[in-house]
Structure formats: C-alpha cells, structure tokens
Amino acid sequence: MKIDLHAHSTASDGTESPAELVAAAKAAGLTTIAITDHDTTAGWDEAVEAAIHEGIGLVRGIEISCSRDYRSIHLLGYLPDPDDPRLAIELARARDSRVSRMDRMVQRMADDGIPITIEEVRAQVAPGATLGRPHLADALVVSGVVPDRDEAFRDLLHDGSKYYVGHYAPDPVAAIKLVRGAGGVPVLAHPFAMRTATISDEMVQEWAAAGLGGLEAHHRDHEPADVERAIRLAERHHLVITGSSDYHGTGKLNRLGEFTTEPRQWSRIVEQSHGVKVVQP
Ligand code: AMP
Ligand code: FE
Ligand code: FE
Ligand code: ZN
C-alpha cells in the first residue's frame, strides 16, 4: 500500500488536470491518491472517472484555507458530502472573495509599474478553478517579470509583500465543524511548516476538542523536530497521523509519494467518515 493524501490539480493551483494527476499517481506506484484542491470539489468528478479507468484508489478531499489572527492555516477535509449546503456555501464564499482579492493584488502591482493585467491572470486559470496567487505567479512568468513561481513568491507574492491582499477565510474551528457536519474528516495540513506561522500546542488542543481528526506530520515543509512534535501532539489528543506529498505538478518541487500515510492510520480516517465513499481500485 502506498497512500498519498494531499495533491492539487488545475481545479486549484496544481498544473495537471484531475485526470492527469490520477494517471501520474498510478505511474508513481501509488495505490491511493487524494485530490485536495484549495476550497473546491470541482475536480472530483473527472478524478473519479480517471481513477476507475486507471484502477487506483481515490480519496475525494479538499484543502480549506482558514485564518486566525492573520495567520494562514490549511485544513484538509477527507470524504465530505460536497452537497452539504453549509460546507458548499462557505467554500463558494471563499472562492468569491479570492476573485476581488486578485483584482486588488493586480491593481497594486499595476499601480507600481509592474506590467500585469487581470486578463493575463485569468488566462492561467482553468474554467471553474479556485483562483490563487500561483496563477498570478504564472502570469508574471509569461510576462517575463520573473522566471518561475518560486521567484514570484520570494520577490512579490509572499504574505509580507506590499502587494499581498488577504481573502475571506473561516476560523479553523468553524471549518472543522463544517467538515464534520458534512460527514468528512478534518486533518490539519502541514501544521508546523514555516510559511504557516506558528501553531501552538494550545491551538491543537482547542481544535482537537472541536473535532479535528488528524495531523499531517510527514510533509516536505516539516523539519524532523516538527514531525516529532506533530506525532507527540497527535498521540496526546488521539489524532490520526498522516504523511503526504502536497503535489502541485510542476508548480512546486513536491513529488507524488515522497511522503505517505500508514494504512493503519488511513483506515482510522475512513472509519470516521460518512460523507462520500473512497473510490476503490
Ligand atoms: P493563496 O491561497 O492564493 O493565498 O496562495 C497560496 C498558495 O501558494 C499555496 O497553496 C501554495 O501552494 C502556493 N505557494 C506558496 N509559496 C509557493 C512557492 N514558493 N512556489 C509555488 N507555490 C507556492
Ligand atoms: Fe497550493
Ligand atoms: Fe497547504
Ligand atoms: Zn496543499
């Protein structure tokens, strides 16, 4: 068993379509892949069809952008019912807010003499996809402003940049309850990654009490000490421990299957879910 529970497609900021992502997961020797696009389930149907065709297990998931005290926190939600109205409305609200946020970021850059238009950003986004800073990065690459996404983030798009504008994002407790309410299982994504500013032990305790199901311990953006800390906290609060790649196609260095989840841990997630089913190979 080789289980990778975190990957993005062109339904958000990955560079491969859902079908291409599933085919790449099969080619990488995975037995189970989760599609977890930011704030959307738009890639699910295409991924299901591809998984049946490829003969690979598929987990339908999402990665919800949350925020607390201006800290950006990512919450994975596995196997929720996509038609749950409260969850669907909240995801739509976040996606809508990302549109006006992008207009404002582009305006700030244009006012500062950086040659970029919203049309050029739009040209980088698949129909119906969640708009994000990586699409702005791609447009800046096409315009010759920066050589790649990484440089775009380092120079212009990072959270502390003067061009940065936030978007609507729910508090983690609200998002945890929405995922549970839709029959899904909430797992905190890369909790101690540098980018995601500090999450305290007390926050993990608070969120475990609110219904958090697991911690993504094994992840490229975690140092060995972060992994140990995640495992220690997971054991203390009886949370599932996962490991995943956070693959974004060519948009990031993360490779499919570079971190995986133990089958015993994965089955604990499945047992807790009552939204949609795992697509079996
Ligand atoms: P947003 O959700 O629009 O604020 O954009 C955040 C997304 O940017 C995250 O999901 C990351 O996948 C992506 N990201 C952050 N830093 C980088 C980077 N250095 N290179 C490529 N993608 C990045
Ligand atoms: Fe991303
Ligand atoms: Fe994330
Ligand atoms: Zn991710």
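**View 1. Helix H6 gives the most to the shell around ligand 1, with 3 residues.** The model shown here is predicted. In total, 13 residues surround ligand 1. Three helices each give two or more residues to this shell: H3, H5 and H6. H3 spans residues 85-111, H5 spans 133-142, and H6 spans 149-157.

**View 2. The closest residues to ligand 1 are His 38, Arg 98, Arg 101, Arg 133 and Asp 150.** They belong to the set of 13 that surrounds the ligand. Sorted by class, the shell holds 7 charged residues, 4 polar ones and 2 nonpolar ones.

**View 3. Side chains of Arg 101, Asp 150 and Lys 252 place polar atoms by ligand 1.** Asp 150 has a polar side-chain atom 2.8 Å from a nitrogen atom of ligand 1. For Arg 101, the partner is an oxygen atom of the ligand, at 2.9 Å. A polar side-chain atom of Lys 252 also lies by a ligand oxygen, at a distance of 3.1 Å. How much of ligand 1 does the protein bury? Alone, the ligand exposes 510 Å², and the protein buries 88% of that area.

**View 4. Helices H1 and H2 cross at roughly 35°.** H1 covers residues 18-27, and H2 covers residues 44-54. Their axes come within 8 Å. The crossing of H1 past H2 is right-handed.

**View 5. Residues of H1 meet residues of H2.** From H1 come Pro 18, Ala 19, Val 22, Ala 23 and Lys 26. From H2 come Glu 46, Ala 47, Ala 50, Ala 51 and Glu 54. What classes make up this contact? It has 7 nonpolar residues and 3 charged ones, with no polar residues.

Conventions
Residues numbered from 1 in each chain as written. Chains lettered and ligands numbered in written order. Predicted model: local features only at pLDDT ≥ 70, side-chain atom pairs only at ≥ 80, totals over all residues. Heavy atoms only, no water. Near = heavy atom within 4 Å. Polar contact = N/O pair within 3.5 Å; in protein donor to acceptor, adjacent residues only side chain to side chain. Areas by Shrake-Rupley, 256 points an atom, 1.4 Å probe, with all protein chains shown as cover. Helix = DSSP H or I, 4+ residues; strand = E, 2+ residues; numbered from the N terminus. Nonpolar A, V, L, I, M, F, W, Y, C, P; charged D, E, K, R; others polar. Axes fitted to C-alpha atoms, helices over the stretch in contact; angles between N-to-C directions. Left-handed = near helix turned anticlockwise from the far one by under 90°. Contact = heavy atoms within 4.5 Å.
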